[in-house]
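Student: I would like a close look at one part of this model, a pair of oppositely charged side chains. Please describe the pair and then set it against the rest of the structure.

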Amino acid sequence: MPALSALCLLALGSASANPSTQSVVVQSVTDGASFAGNVSPGSLATVFGTNLAAASASASAVPLPTTLGDVTVAVNGQAVPLLYVSALQINFQLPYQTPLGHASVVVNNGSVSSARFLFNVTAAAPGIFSSPTGAPHAAAVNPGVAANDPGHPAAPGSVITVYLTGQGPLDNPVPTGAAAPLTPVSKATLPFSATIARQDAFVQFLGLTPDYVGLAQANVVVPSGLTNGDYPLVITVGSVASKAATISVGISSGVGPVSRLVADFNTPRPDGTSSFTPVFSHPPALENGVAVFDNGDSIWSVNVDTGAFTKLVDLNTPVPNGSGSFSSFYYNDDTAFATSPQIRNGIVIFWGADATHSGGFYSVPATGGAVARVANYNTADLQGGFFNTNLDPTALEAFYFDGSTVAFDSSGSTYTTHPDGSNLTLFAGQSTFLCSADASLFQAPFLSPSVSGNQVAVVAGAGIDFAVGQNAIFTGPIAGLASDPQPCSQPYVPHPSNVTSTEQLPGNSDSGYHTRIGTAILDGTTIYFAADDSYGTYDGIFSADSTVAGAGGGPITHLFDNVSSGLTGYFDNFNQFSEDQGSIAFDAVDSSNRRNYYLLSGGSPIQLTNNPTTDPFNSLQGLNPHALSDGRLVFIAGGSGYAAIYLVSSKVPAGEATAQARHANIGNHNNKAVKSSQ
């Protein structure tokens, strides 16, 4: 089993067997990591001596056996689980039930037994494992599952995973010899702390590592302000401090911005109910160092610099102007990413369903506080009816928040309102294009609403799949998009638009094209949008001037495309992108089938991440429209049903304007990421 093989390597280097008929001698019993004198119940321990085994042997399955080769070990007369035996050393797990105080060990090598050897058992005995490069460097992993060493240091402020044993009692006990389960996570119950370079280092989590026997891990935040170098790490549990182990800190030359883990299944929730389980299909948002994310049963904000979490709303929160408490925060359809929580001006907007499973949009301060209704199925419809419940596939399924105004779609119409639900305004309805030649094509739906200042932009067309029929981008004041004049003029002419499907995308040489417009984001007077030729042969990201509109659309500016870059979009489009002050972050798949995040900032796309997996369907997610903020990008990554939230710098290094940019590593998420709730 790979877990056991790795564990044996972590525990100790092997010693060569030397068969002997001489006496079996126990010389010492230590923890199995740093070889200190004390051990604790449930921890991994080591016996040193001579003639302990006739041949080397390792366990190959769990639960661990109590016999390896012809060797058994008894502690206080009870046979204990064995990981590895050799002539000079034995690695075993001390049973969780072992009483504190003096204990005795006897090694039985065939028919020969050692004398009883006494050793000390304490409630906790933290010992940090050494890396394969040797002591005293800690066995630790940087964000992105790169082993920490001088060539791969951890960035100040990042979270490293340190492997140890002897964490002490657990809130969810595990049978002796058995691997720790993924859920429920077993966390240490004694007080714990850590220092790096003799500075306090916040420990986000201390507990057992799932799928391993007796192996614990501590998720430790590297203190900010440390310069490049190697520093001593000490972990204290209860009143017992570990031996110091070395951690490398800094930014690797040529590697660039280092990804930082924000939340995964090892990150304990401050409410004490469990650990975090981010929803993979609801990507997080970021503003001024505060990220917000959907955890399935709750919405949270987190200061990405300090690691301080705040629960904003959960399934016990009453729904304002609704029925009972919230029952869900996830809208499961093709535009689920469009209902991910967003944050601007310290206010969070999120989608939620009440006890009747009817959906709506709500607001809450990012620091916590009262929840307000933005709009839900009880909001009066300005077109004479009522908003549909979430049972209608086109009701309340997309929104955009610029910090002062929320623009949202409901039943094929676009509305705007303030975060407290005031000033509800119909921007564009099903009768807006009543007289246009394309009236039948533009009656519904309106999708991808966006707002900036006093202007609103929407994508409208014949259906969610715009491969057929007219589709276009329209902008206008919050007061509402101008309707066709009455009475209808002859001949009918198209309603003025900024971009339309009859325009050929710059750089597209396909004949018989039909431009299909995807996500659009309005920022000032610029519309940023994704589009393709509906054949999957040409797609990219473009921009247009929101002040220029005509019957056949306005000028389109080329920003990026798949043909010139060699990158392809997920599902042949780049719809789920993020924009901040003219910079655009998006996900794309390269020629090796690796899906990564890239940055457009006035030049060629710059790679921000380094994804090791070649399964683009099971690695990264599209971006929240507000994932990019102040030179940093927050994103969700996963694999095999797991998900974790990361942060990476998106600042373009000086003088670096090619795709060979510095980039951050993304982990494979094996025992490092959280089981997604969706």
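Tutor: In this predicted model, Arg516 and Asp532 form a salt bridge through their side chains, with an N to O distance of 3.0 Å. Arg516 belongs to strand β39 (residues 516–523) and Asp532 to strand β40 (residues 526–532), so the pair links distant parts of the chain, 16 residues apart. The two partners fall into separate burial classes. Arg516 has a relative accessibility of 22% and counts as partly exposed, because the buried class ends at 20%. Asp532, at 3% relative accessibility, counts as buried. In general, side chains of opposite charge can pair when their charged atoms come close.

The search of the whole structure gives seven salt bridges. One of them joins Asp305 to Arg632, with the closest N and O atoms 2.9 Å apart. Asp305 sits in the loop between β25 (298–303) and β26 (309–314), while Arg632 is in strand β49 (residues 632–639), so this pair ties together parts that are 327 residues apart in sequence. Asp305 is partly exposed, at a relative accessible area of 42%. Another salt bridge connects Asp587 with Arg595, and its closest N and O atoms are 2.7 Å apart. Both Asp587 and Arg595 are buried. There is also a network, in which salt bridges with shared partners join Arg269, Asp271, Asp297, Lys311 and Asp314.

As for the setting, the protein contains three helices and 52 strands. Of its 678 residues, 58% are buried. Among contacts with a separation of 6 or more, 58% are between residues 24 or more positions apart. The accessible surface is about 24,400 Å², and carbon and sulfur atoms contribute 53% of this.

Confidence varies along the model. The mean pLDDT is 81, and 79% of the residues reach 70 or more. Among the elements, strand β5 (residues 71–75) has the highest mean pLDDT, 98, and strand β52 (residues 674–675) the lowest, 24. Over residues 386–394 pLDDT stays under 50, and the model has 32 contacts beyond four places in sequence for this stretch. Residues 463–467 also stay under 50, with 14 such contacts beyond four places in sequence. Where pLDDT is low, the predicted coordinates should not be read in detail.

Conventions: Residues are numbered from 1 along each chain as its sequence is written. This is a predicted model: local features need pLDDT of at least 70, side-chain atom pairs count only at pLDDT 80 or more; totals for chains, interfaces and linings use all residues. Side-chain values use heavy atoms; hydrogens and water are left out. pLDDT is the predictor's confidence in each residue, from 0 to 100. Helices (H or I, at least four residues) and strands (E, at least two) are DSSP runs, numbered from the N terminus. Contact means heavy atoms within 4.5 Å. Buried means under 20% relative accessible area, exposed over 50%, partly exposed in between (1.4 Å probe, protein chains only). Accessible areas come from the Shrake-Rupley method with a 1.4 Å probe; for residues, only the protein chains shown count as cover. A salt bridge is a side-chain nitrogen of Lys or Arg within 4 Å of a carboxyl oxygen of Asp or Glu.
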